[in-house]
Amino acid sequence: MIAVLTNIFGLPHLELIEDALQDTFVKATLQWRKKIPENPEAWFIKSAKNRTIDLLRKVKADQVRSDKISHGAASIHLNDLFLDHEIEDSQLRMIFVACHPELAPEEQLAFALKTISGFSLKEISAALLTKEETIKKRLSRARKKVAEKQIRFEFPDKSELSARLAGVLRVIYLIFNEGFHSTKREQLIDRELCGEALRLNQLLLKKEMLRSGSSYALFGLLCFHAARLESKVSENDSIIDLEHQDRSLWHFPLIKIGNDSMNKAVTYPDRSKYHLEAAIAAEHLKAKSFQDTNWHAILALYKKLQQQNPSELGRLNMLIVLIQLKKFDLVAGELPLIDESKLNQRAYLLWATWADFHYRTGDKESALRYMDKALETVNNVLERNYLLKKRNDYL
């Protein structure tokens with residue numbers, strides 16, 4: 001509804017539109033107590049439209065424009081914009097507004113979750129592990145930039161589309177990552193964020209001009225990861241690592257969708273990190289058991305990924321694979337070169353990898369020492385409990 005009303009009333013009135021929708025939902029909680037309308041959706045459309053017009057009048061909006069919207073053919077046109085394909089079109093336009101390069105990356109993520117996904121300040125701050133006041137400031141800065149830079153509610157020009165689409169895919173990727181491996185203290189998985197990322201990615205693929213190898217590869221990657229969600233955490237909220245996951249719980253219809261998406265991804269000329277990450281995820285999914293994993297294939301893919309998109313976490317992942325391959329001499333030479341500061345909230349993974357390396361090479365004392373260091377730096381309660389269990393296994 002935010003996206004559709006913005007399409008009509010314009011981006012400069014975005015905050016007012018959000019207020020109008022809040023008022024409409026409050027009105028619904030009062031009026032629907034005794035009887036729900038026969039067509040709730042139509043009730044919301046009409047009420048939100050009228051409330052927006054009322055608020056526009058109060059801020060001395062163009063009276064003639066308001067009258068045209070609320071009567072006759074223009075009113076019918078507004079209702080037409082709530083048809084499914086028009087809603088999707090408006091949401092896609094809003095995604096490109098949220099991911100505009102004029103907005104800082106942290107502003108893009110907060111703005112996307114607010115305007116496209118409908119998250120509250122509290123939900124965004126919880127998802128991004130940031131204070132509500134900070135999120136409020138980010139949203140305020142984003143709205144101010146939209147107004148000052150006169151960002152338009154439309155798709156970018158063809159010349160800009162590829163670069164802008166890359167920004168959109170990055171935001172969707174970050175939303176999913178926050179859901180798949182949450183930075184919250186007491187929660188590992190946020191299924192709502194994972195689902196929202198999948199929904200937004202699917203929305204892109206419905207529009208032909210937004211289809212690319214990267215957008216299909218990202219969707220494949222998200223499907224592959226989402227297929228394992230039910231096996232990641234036990235009923236008593238304990239983390240289950242890949243080696244001990246019940247593979248019968250993996251959701252194979254999602255894996256099939258991911259495979260279909262990857263088959264489409266390779267028909268386009270562009271290649272991205274999403275292709276390689278999806279290929280790595282697929283290798284894990286293909287293995288009938290952890291012991292059957294093709295670690296050599298995964299190592300080769302990680303090497304390509306590092307050449308294309310070098311990162312400290314990527315280097316660490318390569319070393320974890322080398323440990324599985326028992327290439328301990330290589331690990332011993334490379335592990336000291338990993339920069340802890342570049343791992344941010346994932347720094348504990350470095351110390352846990354050191355611990356695993358020493359345990360596998362027979363140095364139990366060093367393994368315990370490094371595991372203690374990992375326990376000192378981990379924030380998530382579930383991950384801490386998992387590391388504690390591993391430490392006990394070392395004894």
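Here are some notes on this predicted model, working from the whole chain down to single residues.

1. **Overall picture.** The protein chain is a helical affair, with 21 helices and 0 strands. Its C-alpha atoms fill a box of roughly 80 × 45 × 40 Å along the principal axes. Of its 395 residues, 51% count as buried. If you take contacts between residues at least 6 apart in sequence, 64% of them join residues at least 24 apart.

2. **The core.** In soluble globular proteins, nonpolar side chains tend to be buried together. Here the largest nonpolar core has 123 residues, and Phe 111, Leu 204 and Leu 335 have the most contacts inside it. Helix H10 (residues 158–180) gives the most to this core, with 10 residues.

3. **Leu 204 up close.** Which residues does Leu 204 touch, leaving aside those up to four places away in sequence? The list is Leu 92, Phe 96, Leu 165, Val 168, Leu 169, Ile 172 and Leu 210. If you want one spot to click on when looking at the core, Leu 204 is among the residues with the most contacts there.

4. **Helix H7.** Is H7, residues 105–115, mostly covered or mostly open? Mostly covered: 9 of its 11 residues are buried. Phe 111, already mentioned for its contacts in the core, is one of the buried residues of H7. The buried set also takes in Leu 109, Ala 110, Ala 112 and Leu 113. Don't expect just nonpolar names, though: Glu 107, Gln 108, Lys 114 and Thr 115 are buried as well.

5. **H16 against H17.** Two packed helices are described by the angle between their axes and the distance between the axes. For H16 (residues 295–308) and H17 (residues 312–324), the angle is about 160° and the axes are 10 Å apart. That makes the two helices roughly antiparallel. H16 passes H17 in a left-handed crossing. On the H16 side, the contact uses Trp 295, Ile 298, Leu 299, Tyr 302, Lys 303 and Gln 306. These meet Gly 314, Arg 315, Asn 317, Met 318, Val 321, Leu 322 and Gln 324 of H17. By type, the residues of this contact come to 7 nonpolar, 4 polar and 2 charged.

6. **H20 against H21.** Further along, H20 (residues 364–377) packs on H21 (residues 381–394) at about 170°, with the axes 10 Å apart. The pair is therefore roughly antiparallel, and H20 passes H21 in a left-handed crossing. H20 brings Lys 364, Ala 367, Leu 368, Met 371, Asp 372, Ala 374 and Leu 375 to the contact. H21 answers with Arg 384, Leu 387, Leu 388, Lys 390, Arg 391 and Tyr 394. The residues here divide into 8 nonpolar, no polar and 5 charged.

7. **Two backbone oddities.** Most residues other than glycine have a negative phi. Asp 237 has a positive phi, near 65°, without being a glycine. Asp 237 lies in the loop between H13 (229–232) and H14 (252–265), and is partly exposed, at a relative accessible area of 48%. Lys 326 also has a positive phi, about 60°, and is not a glycine either. Look for Lys 326 in the loop between H17 and H18 (328–334). Is Lys 326 buried or exposed? At 59% relative accessibility, Lys 326 counts as exposed.

Terms used: Residues numbered from 1 in each chain as written. Predicted model: local features only at pLDDT ≥ 70, side-chain atom pairs only at ≥ 80, totals over all residues. Heavy atoms only, no water. Core = buried A, V, L, I, M, F, W, Y, C linked by side-chain atoms within 4.5 Å. Buried < 20%, exposed > 50% of the residue type's maximum accessible area, 1.4 Å probe, protein only. Helix = DSSP H or I, 4+ residues; strand = E, 2+ residues; numbered from the N terminus. Contact = heavy atoms within 4.5 Å. Axes fitted to C-alpha atoms, helices over the stretch in contact; angles between N-to-C directions. Parallel < 35°, antiparallel > 145°, perpendicular 65-115°, else oblique. Left-handed = near helix turned anticlockwise from the far one by under 90°. Nonpolar A, V, L, I, M, F, W, Y, C, P; charged D, E, K, R; others polar.
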